[in-house]
Each structure stands twice: as structure tokens, then as C-alpha cells.
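Hello,

Here is the structure I said I would pass on. My notes on it follow below.

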Amino acid sequence: ASSLGIGKNSAVKILAHHSELMEESDDSGSVHLVIGDAHAAPDQDLSRFSYLGLMIRDINPDVVVCIGDFVDMGSLCGYDRGKKSFEGRRYSEDIESGKRALELLHSPIQKHNSSGYGKGNGLFKKCNPRFVYCEGNHEHRIERAKEDNPHLDSMDLSEVGFEEYGWEVHRFLDIASIDGIDYCHYFTSQNTARAVSGVNAARALIQKRHTSSVCGHSHLLNYHHVQGGRGRIHGLVVGWYCDQHMDYAAQSNPGWWNGICVLRNVKEGDFDLELWSYDR
């Protein structure tokens with residue numbers, strides 16, 4: 001308003017009208033925002049989830065997909081049990097870090113929707129995407145712990161609170177199919193329980209599944225697409241969303257891609273990939 005030399009209310013009306021015209025002429029497909037493995041854990045600075053909430057608010061996608069391993073669940077890690085590095089870990093603190101991460105993510109969205117900016121159209125429309133969560137192997141540690149220790153039967157993923165914030169929960173290795181794209185924490189190789197992986201994991205996904213497939217798990221960014229009979233088929237491994245150095249991974253850390261994948265113009269499994277690195 002200051003730059004144009006007009007009043008604030010006039011500027012708001014102009015912006016709202018322009019945005020409504022843009023919406024009326026927009027015949028593109030839907031927008032999916034995909035969150036890679038986030039590994040929220042005690043003693044971490046969780047501010048990255050506030051940034052993510054602001055990003056979701058501003059992009060206002062149709063669908064937000066969390067690909068799993070949102071919570072690290074280090075207290076249930078079987079590899080470390082009995083080692084010095086395992087000392088001090090608590091299940092309750094793992095759950096609290098997951099709950100705090102969700103709170104930080106949703107706070108900017110809730111604030112927007114409860115203000116006047118969440119009641120209009122155009123730039124000021126309500127941010128209300130479909131939230132879809134695919135359980136990762138780290139959260140699935142809860143179920144494995146219950147199998148090994150039946151007396152812990154009250155432990156449950158629901159303690160993190162996804163359902164309370166309206167997330168649609170798909171349990172470990174269950175596939176969520178949205179707009180022609182299959183989402184899962186990882187996809188298994190045929191006749192085995194092992195994840196499709198390797199240097200060309202995205203290409204392997206297409207070769208093995210013959211449908212657009214998006215997963216996480218490896219913390220790597222990998223993308224491939226081919227022309228199919230009815231359009232493009234995509235394979236995408238989304239990296240991770242965590243700014244922490246993992247000591248157990250040693251030299252692997254620099255190879256992991258930290259950021260968010262936005263899928264634009266999603267139609268029947270086809271999409272345009274937009275990458276947002278964490279630094280960006």
C-alpha cells in the first residue's frame with residue numbers, strides 16, 4: 001500500500017480480487033507437499049517444525065503427506081540397547097518430542113485460520129489441506145516392542161496425537177493412494193520384506209511397481225520419470241526433513257538431502273516436482 005500510495009484497505013481489496021481471478025483461471029491439478037523423515041527427538045531444537053508450518057500455511061497445498069519416521073523413537077531402538085549411548089533414553093520423552101513437533105507445525109496454520117485472514121477467499125482463504133501420515137519403521141518400533149513385551153500393550157502410536165490434529169493415519173507399509181500416486185514409507189521388493197533401494201532407487205520403483213510411487217526411509221533424494229501409455233510415471237525418494245547430525249551414520253550424513261518436496265499440477269499420477277532445500 002505504501003509503495004502504491006494507496007490505503008491499506010484498498011490494497012487488500014486489490015490483492016483479494018487478483019487472487020480470485022487467478023483461482024478462476026487455474027485449471028491445474030492439485031498440490032501435494034511431502035514431508036520426508038523428520039526424526040523429532042528429545043534435546044533437539046524443533047524450530048524446523050515451526051518453519052514447516054509456515055510453509056504449509058503459505059503454499060496452502062491440497063494434501064500434506066508425512067512419509068513416516070516423524071518421531072525418532074530412540075528409546076525403542078534395539079540396535080543400541082545395552083550400549084553406553086542408550087543410557088537416559090525414555091519412551092515418554094520420545095512421545096513428548098513428537099507431540100511438540102506436531103504442535104509447532106500446526107500452530108501457524110491454526111493461527112491463520114482463526115484470524116480474519118482465514119475467512120475469506122483468494123490469498124486469505126482458510127488453510128485446510130488433507131493431512132496424510134504414513135507410519136515409518138521408527139514409529140513401528142512401538143508395535144515391535146509390544147510383540148516382544150505383551151505387558152506393554154497400552155503403548156500406542158496414537159499417543160503422538162496425529163488423529164487429534166486431523167491426520168489420516170496409514171499404518172506401517174500400508175499404501176496411501178492419492179490422485180494416482182502411491183505413498184508409503186518404503187516399498188518392498190517383490191517376494192521380500194526389504195525396501196526397494198540402491199543408487200537408482202526411484203528408477204527401480206518405476207520398474208517394479210509400474211505406477212507413480214513416492215517414499216522416504218533412505219534420507220536420499222532420488223527422482224526418475226518415464227513416459228507411460230497414459231502419461232508420465234514417477235518414482236521419487238524424498239530425502240529427509242531434519243537438521244541434525246546423526247552420529248551413527250558417520251560419513252553418510254553429507255549425502256542425505258534435507259528439504260521438502262512439493263508436487264505441483266498433480267493429475268492421475270503425473271506431477272511437476274518442485275524442490276525446497278532446507279537452506280532455501
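His210 is exposed in this predicted model, because its relative accessibility is 60% and the cut-off for exposed is over 50%. The residue sits in the loop that runs between helix 5 (201-209) and strand 7 (213-215). Its phi is near 60°, a positive value in a residue other than glycine. For background, most residues other than glycine have a negative phi.

Leu173 is another residue with a positive phi that is not glycine, with a value near 70°. Its place is the loop between strand 4 (168-170) and strand 5 (176-178). With a relative accessibility of 32%, Leu173 counts as partly exposed.

Overall make-up

The protein chain has five helices and 11 strands. Of its 280 residues, 48% are buried. The accessible surface comes to about 14,900 Å², and carbon and sulfur atoms account for 47% of that. Taking contacts between residues at least 6 apart in sequence, 63% join residues at least 24 apart.

Helix 3

Helix 3 covers residues 91-114, which is 24 residues. How far apart are its end C-alpha atoms, and what span should they have? The end atoms are 34 Å apart, and at 1.5 Å a residue the helix should span 34 Å, so the two values agree. Helix 3 also bends, by about 35° at His106. A proline, Pro108, follows His106 within four residues.

Salt bridges

The structure holds 13 salt bridges. As general background, side chains of opposite charge can pair when their charged atoms come close. These are the ones I looked at:

- Arg57 and Asp58 meet through their side chains, with an N to O distance of 2.8 Å. Arg57 counts as partly exposed because its relative accessibility is 29%, while Asp58 counts as exposed at 55%.
- Asp270 and Arg232 form a salt bridge in which the closest N and O atoms are 3.0 Å apart. This pair links distant parts of the chain, since Asp270 belongs to strand 11 (residues 270-277) and Arg232 to strand 9, 38 residues apart. Asp270 has a relative accessible area of 24% and is therefore partly exposed; Arg232, at 22% relative accessibility, also counts as partly exposed.
- Glu274 and Arg264 have side chains that meet in a salt bridge of 2.9 Å, N to O. Here too the pair links distant parts of the chain: Glu274 is in strand 11 and Arg264 in strand 10, 10 residues apart. Arg264 is partly exposed, with a relative accessible area of 29%.
- Glu135, Glu143, Lys146, Asp156 and Arg171 are joined into one network by salt bridges that share partners.

Two loop residues

Is Asn253 buried or exposed? Asn253 counts as buried, because its relative accessibility of 12% falls under the 20% cut-off. The residue lies in the loop between strand 9 (231-238) and strand 10 (259-267). Leaving out residues up to four places away in sequence, Asn253 touches Gln244, His245 and Met246. With Met246 there is a polar pair as well: a polar atom of the Asn253 side chain lies 2.8 Å from the backbone oxygen of Met246.

Asp179 is in the loop between strand 5 and strand 6 (181-183). At 37% relative accessibility, Asp179 counts as partly exposed. Which residues does Asp179 contact, leaving aside neighbours within four places in sequence? The contacts are Ser30, His32, Val266, Lys267, Glu268 and Gly269. Gly29 is 150 residues from Asp179 along the chain, yet the C-alpha atoms of the two are separated by 9.1 Å.

Regards

Notes. Residues numbered from 1 in each chain as written. Predicted model: local features only at pLDDT ≥ 70, side-chain atom pairs only at ≥ 80, totals over all residues. Heavy atoms only, no water. Helix = DSSP H or I, 4+ residues; strand = E, 2+ residues; numbered from the N terminus. Buried < 20%, exposed > 50% of the residue type's maximum accessible area, 1.4 Å probe, protein only. Polar contact = N/O pair within 3.5 Å; in protein donor to acceptor, adjacent residues only side chain to side chain. Contact = heavy atoms within 4.5 Å. Expected span 1.5 Å × (residues − 1). Bend = angle between axes of the 7 residues up to and from the residue. Salt bridge = Lys/Arg side-chain N within 4 Å of Asp/Glu carboxyl O. Areas by Shrake-Rupley, 256 points an atom, 1.4 Å probe, with all protein chains shown as cover.
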